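Please consider the sequence and the three-dimensional model shown here together. The paragraphs after them give a guided reading for the bench biochemist.

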Amino acid sequence: MIIGAGVVGLSVAYYAASAGAKVIVLEKGEIGAGSSWGNAGLIVPSFFEPLPGPGVISEGLKHLFDEQGYFGISFRPDLRLIYWLARFARHCNRREFYLHAELFMKLNHEGLQVHLELARLGGLEYDFSQKGLLYLFLTRNRLSQARERAARARDSGIVSEVLSGEVVRALEPAAGRAVIGGIRYVTDAGLDPARFVEWLARQASAWGVRIMTQSEVFDFRLGRNRVNSVLTTKGEFKSEQVVLAGGAWLAPLSRHLGVNLPVEGGKGISQTFSKPKMNVRQPLILEEHHVAVSPLSNALRITGALELSGLDLTLNPDRVRGIHRSAGRYLPLIEPLHPSEIWRGLRPCTPDGLPLVGRLHSVNNVIVAGGHDTKGMTLGPLTGQYVTRLLAGQSFGDFEPRLRPARFWL
């Protein structure tokens, strides 16, 4: 039984069913309704740095009270948020930053290979393309830092090229004169995330998976160190093994099991422009303002912001305008456009920046799969393969000890 029908839950369903398991997926909303539907749809080997790191706190504080900035915290009277922030601060050190970046380089590489395998099966159905990812810069300081990051990545086999402003504008005519340079990562890819999760759901269903939407899990019946059954708004279900793939809802789900998974919702916002008068030739990252730009079929999408907001999906209009305005600094032709859709989703964030993939010791027929923050689309299918091995009683390799929930004493 898989709780959650986002990219992670559906990937687990697909791979587990194709390996012979009988699978049911329970989803409180609709397919992809958490953070899998309207995101940037980027598959990013280049995005290997973890969320916590040296300088992150001071950088975040600069934007904390700027409602048009890319970072925010929705403060609430919840000791769990304070505890999460304290843990996050403890992980903002240079040693862990480089260790986790090295791990993500390897995970992202594996994640890309799995996506390429899936794309050979159905990539045309969800607009998969491997055009690379072009990072644009407005300041020499940020470009210099990014060149150092690219050099580290090249040592691990991630190919990139540093470009002047003139070359950037030749590659991407939408880039304005304020852009002073760019770095292009060659192997990155993109897809339409909504069409991808729908495709995954169809593939899983073809293997016999039963997907129940509008079926909210609200409690568990527990036996000795295990879940005996799951209580939902559509009835009670029993299963030999349970996979928690509820995204930002992992924390409240786990509390019903007597476990406190340290997962905080990080709200992201996208704006989609249907049939725009301008578009970009390839996916972009607007570095200083942390905005992603994705060309979709007959549409353009900009995605930005990370607001630690728990499960609050309230839209801040100033932040919406701030993302649009930030994109216009790099791409002047985007400023007069009006979005046809504004979406927000909650990225599941852990305080050390690493995903949670592994069994719970206290409830040993439960596997946790989530906490990928901004890397869920890249690592979702790979996580599906990892969890399938765990369900079969196998290890998924050298990365397993570093991703276990047990690292948080669970």
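What follows is an account of selected sheets, helices, cysteines and one loop residue.

The coordinates belong to a predicted model, and every value below should be read in that light. A suitable starting point is an open sheet of six strands, in which the strands follow the order 9-2-1-13-20-19 and the pairing is mixed. At its edges are strand 9 (210–212) and strand 19 (356–359), each of which pairs on one side only. Within this sheet, strand 13 (residues 242–244) and strand 20 (residues 366–370) run parallel and are joined by three bridges. Val243 can be used to locate this pairing, since Ile367 in strand 20 stands opposite Val243. Helix 10 (residues 376–391) lies across strand 13, strand 19 and strand 20, and runs at about 10° to strand 19.

The loop that leads into strand 13 also deserves attention. Gln241 lies in this loop, between strand 12 (235–237) and strand 13. Is Gln241 buried or exposed? The relative accessible area of Gln241 is 22%, and therefore the residue is classed as partly exposed rather than buried, the limit for burial being under 20%. Beyond its neighbours within four places in sequence, Gln241 is in contact with Met1, Arg359, Asn365, Ile367 and Leu391. Ile367 is thus a contact of Gln241 as well as the residue opposite Val243. Gln241 and Leu253 are twelve residues apart along the chain, and their C-alpha atoms are separated by 15 Å.

Attention now turns to helix 1 (residues 7–18). This helix has twelve residues, and the distance from its first C-alpha to its last is 16 Å, close to the 16 Å expected at 1.5 Å a residue. Helix 1 is largely enclosed by the rest of the structure, because eleven of its twelve residues are buried. Among them are Val7, Val8, Leu10 and Val12, together with Tyr14 and Tyr15. An α-helix has 3.6 residues a turn, so residues three or four places apart point the same way. Just after helix 1, Gly20 takes a positive phi of about 110°.

Strand 17 (residues 299–308) provides another covered element, as ten of its ten residues are buried. Which strands pair with strand 17 in the antiparallel sense? One of them is strand 14 (residues 264–274), joined to strand 17 by eight bridges, with Thr272 as the bridge partner of Arg301 in strand 17. Another is strand 16 (residues 291–296), joined to strand 17 by five bridges; here Pro295 stands opposite Leu300. Strand 16 and strand 17 form a hairpin with two residues between the strands, where Asn298 takes a positive phi near 60°. By contrast, strand 4 (residues 71–73) pairs with strand 17 in the parallel sense over three bridges, and Ile73 stands opposite Leu308.

The cysteines complete this reading. How many disulfides does the model contain? The count comes to zero, with a disulfide taken as a pair of cysteine sulfur atoms within 2.5 Å. For Cys92, the closest cysteine sulfur is that of Cys349, at 12 Å, which is too far for a bond. The closest cysteine sulfur to that of Cys349 is in turn that of Cys92, at 12 Å. Cys92 has 15% relative accessibility and therefore counts as buried, while Cys349 counts as buried at 0%.

How values were computed: Residues are numbered from 1 along each chain as its sequence is written. This is a predicted model: local features need pLDDT of at least 70, side-chain atom pairs count only at pLDDT 80 or more; totals for chains, interfaces and linings use all residues. Side-chain values use heavy atoms; hydrogens and water are left out. Two strands pair if DSSP finds at least two bridges between them. Helices (H or I, at least four residues) and strands (E, at least two) are DSSP runs, numbered from the N terminus. Contact means heavy atoms within 4.5 Å. Axes are lines fitted to C-alpha atoms, for helices over the stretch in contact, and angles run from 0 to 180 degrees between N-to-C directions. The expected span of a helix is 1.5 Å times one less than its number of residues. Buried means under 20% relative accessible area, exposed over 50%, partly exposed in between (1.4 Å probe, protein chains only).
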